[in-house]
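Work through the exercises below with the model open. Try each task before reading its solution.

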Amino acid sequence: MRAFIGRDKEVGRFEEALAGDPQAPFAFYVCGPGGIGKSTLLRRLADHARAAGRLLVELDGRFVSRDPADFEHAAGPFLDVPGTVLFVDSFEHCRWLEGWLWHHFLPRAADDTLVVLAGRRAPQPQWTADPAWSRLLHVTELEPFSAEQARSLLVAAQIRPELRDRVLRFAGGNPLALSLAAAAGSAGCSREEIWAPSADVLRTLLAGLIGEVPTAAHRRALEVAAQAHSMSEELLAAVLPGEDAHLLFSWLRDLPFMESTHRGLHPHDAARETLAADLRWRAPNSFATMRRRLADEYLRILREAPEERVWTVTDELFYLFREGETLARLRTWSREDEVHDRPLHPDDIDVVLRMAEETEGAASAELVRYWADRQPQAFSVYRLVSTGRIVAFTARLALPAPPDPQDLATDPVVAAAWRFTDAAAPVSPGEHIGISRFSIYPERYQVPSRVIDLSSSRAHAEAARARGRAYGFAVFRDAETWAERVEGTLADTGARPRVGEHTYGLFSVDWRQVPVETWLLRFITAPDAPVPAGPSALSRTAFDQAVREALAHWRDPSAFAACALMRTRLAADFGDPVEELRTLLRHAVDDLAQDPRGVRACGALTAGYFSGAPTQEAAARRLGLPYGTYRRHLRQGLDMLCEALWQQELHGR
């Protein structure tokens with residue numbers, strides 16, 4: 001177990017509460033930036049609660065459902081079992097629960113319970129200012145370690161005395177940076193290129209800690225961990241078939257920046273961002289390949305998952321594509337004003353009809369009434385988590401072929417969809433179409449929002465799980481704007497049906513022609529923003545030396561395979577690293593001849609390393625040059641080659 005340093009005041013206050021001190025607070029709120037030690041402190045407090053014989057409920061905000069009822073179910077003992085201690089880490093990921101938590105959940109706690117929340121941001125001011133909570137709530141903003149505490153951590157990690165000051169100057173009092181430094185140990189601290197004070201702390205520490213992973217399989221496991229929202233051993237085994245998933249999962253679990261939850265492993269947020277950026281920069285092809293493998297596995301799980309797991313898997317699937325340009329046009333990823341959806345209840349009808357009439361008019365409201373009678377199961381009602389107020393509703397209809405004449409006569413939008421299918425590729429008996437018919441959110445009507453995010457996720461999940469779905473349709477009133485947003489994912493049918501005073505655009509995808517897997521790959525393979533240049537795993541001096549070493553071992557395959565150039569970005573994506581790196585070097589030398597200044601340099605490198613000449617003197621004789629002249633051309637060639645390869649190392653090939 002890693003040594004726990006500092007935080008004596010916070011631990012002492014919590015122990016007073018555990019002991020039943022009537023003056024101690026009931027709720028503890030720990031806040032501070034990423035890497036400041038919130039999760040470590042929570043684990044320490046949990047150890048004390050466990051030692052005191054308390055029942056623990058431990059939740060992670062990253063995996064909290066958007067429905068308060070699910071949170072209440074997961075934290076049930078806190079309401080029913082006296083003495084329970086509830087821990088919620090990463091609370092910033094479910095901050096939309098805050099109002100509900102203070103107003104509706106915590107006041108119902110069982111006797112002698114305690115709650116500990118940890119998040120990056122402090123609680124909203126009204127709670128600390130509320131007289132009812134001021135005595136019961138204790139807020140702690142964690143600060144960096146003092147110099148004495150930081151030094152104690154390095155001593156406990158057995159960092160050599162002569163290196164401690166350098167590490168302290170480099171990492172300051174940041175607990176995550178210090179922990180990574182301690183995990184890297186003295187061997188890592190001795191590498192000057194890793195401990196240069198001007199480098200980015202986390203990138204440098206991670207490079208020092210995992211820059212040279214044990215095997216290619218370990219590197220691929222890191223690529224999975226950097227992209228998956230959370231990773232179980234089963235998921236790792238599925239995306240890395242043929243590898244020892246248990247061994248790799250155990251290795252990942254022991255990394256100091258990896259965190260464990262009931263859903264599996266995930267890197268610390270700051271570490272994930274750094275690790276993902278580094279892997280994408282260093283091995284972009286491998287990064288994209290792993291993303292496709294994860295998407296395939298999530299789709300398989302989605303099709304086979306029980307109903308209660310569907311939305312969790314869907315969220316994990318789309319988490320893969322959160323940085324893609326296409327999804328950025330369609331989804332908000334925001335958790336502000338968080339909503340959750342529930343099936344339509346008869347008591348909701350009046351609210352739903354009023355919303356429809358206010359936003360789309362009386363004619364549209366009548367169509368909502370019509371479809372609510374015929375397919376009530378197609379409707380979802382969205383409530384604010386904080387207050388429970390209904391703010392939106394959607395309807396995703398499933399319509400079998402042949403179409404019902406009454407539907408065609410009643411709803412112009414549905415009639416237009418069926419006319420389009422007849423003209424494009426008719427739907428056969430036994431097949432059906434899906435149509436996201438209504439998306440009514442008066443406060444954010446027909447603009448990207450959490451309501452559209454969630455409704456789209458459900459539509460995609462239904463398309464993946466459905467049997468016999470021929471088409472999917474989406475309906476938007478601002479057809480021109482949405483045509484730009486959905487470009488590349490949905491086709492504009494050109495149909496503009498009219499309901500009341502408004503005209504609507506109809507957009508479609510033929511699932512028989514474009515399977516869900518292929519459709520999702522568009523999110524993966526769409527051009528991303530250019531990957532910025534980044535630091536090499538080697539300094540420039542070390543990189544140049546690695547190039548010379550590779551050339552010197554050109555004729556010895558085993559020595560060439562062990563050279564330092566194999567550990568650079570140049571070789572990161574190679575399937576056959578030795579042969580492909582040799583080919584890259586040979587082409588880079590040949591390319592020098594494209595510059596008139598490099599013709600003789602190219603000849604000198606070719607004669608000196610590739611021609612089989614036993615010595616440099618023999619290479620000079622083959623070129624018919626005095627040895628001194630040959631050496632001058634060779635030095636020029638090496639300088640030009642190293643510069644060309646260094647640019648590829650920084651900016652990609």
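**Exercise 1. State how much area the protein chain exposes and what share carbon and sulfur atoms supply.**

Step 1. The protein chain exposes about 29,300 Å², by the Shrake-Rupley method with a 1.4 Å probe.
Step 2. Carbon and sulfur atoms supply 50% of that area.
Step 3. Note the source: this is a predicted model, where local features need pLDDT of at least 70, side-chain atom pairs count only at pLDDT 80 or more, and totals for chains, interfaces and linings use all residues. Residues are numbered from 1 along each chain as its sequence is written, and side-chain values use heavy atoms, with hydrogens and water left out.

**Exercise 2. Place Thr394 and decide: buried or exposed?**

Step 1. Find strand 10, residues 390-400; Thr394 sits in it. Strands are DSSP runs of E, at least two residues, and helices are runs of H or I, at least four, numbered from the N terminus.
Step 2. Thr394 counts as buried because its relative accessibility is 0%. Buried means under 20% relative accessible area, exposed over 50%, partly exposed in between (1.4 Å probe, protein chains only).
Step 3. Beyond four places in sequence, its contacts (heavy atoms within 4.5 Å) include Phe379, Tyr382, Phe438 and Val451.

**Exercise 3. Compare the reach of helix 29 with its expected span.**

Step 1. Helix 29 covers residues 599-610, twelve in number.
Step 2. The expected span is 1.5 Å times one less than the number of residues.
Step 3. From first C-alpha to last, helix 29 reaches 16 Å, close to the 16 Å expected.
Step 4. Its buried residues include Leu605, Tyr609 and Phe610.
Step 5. Just after helix 29, Gly612 takes a positive phi of about 90 degrees.
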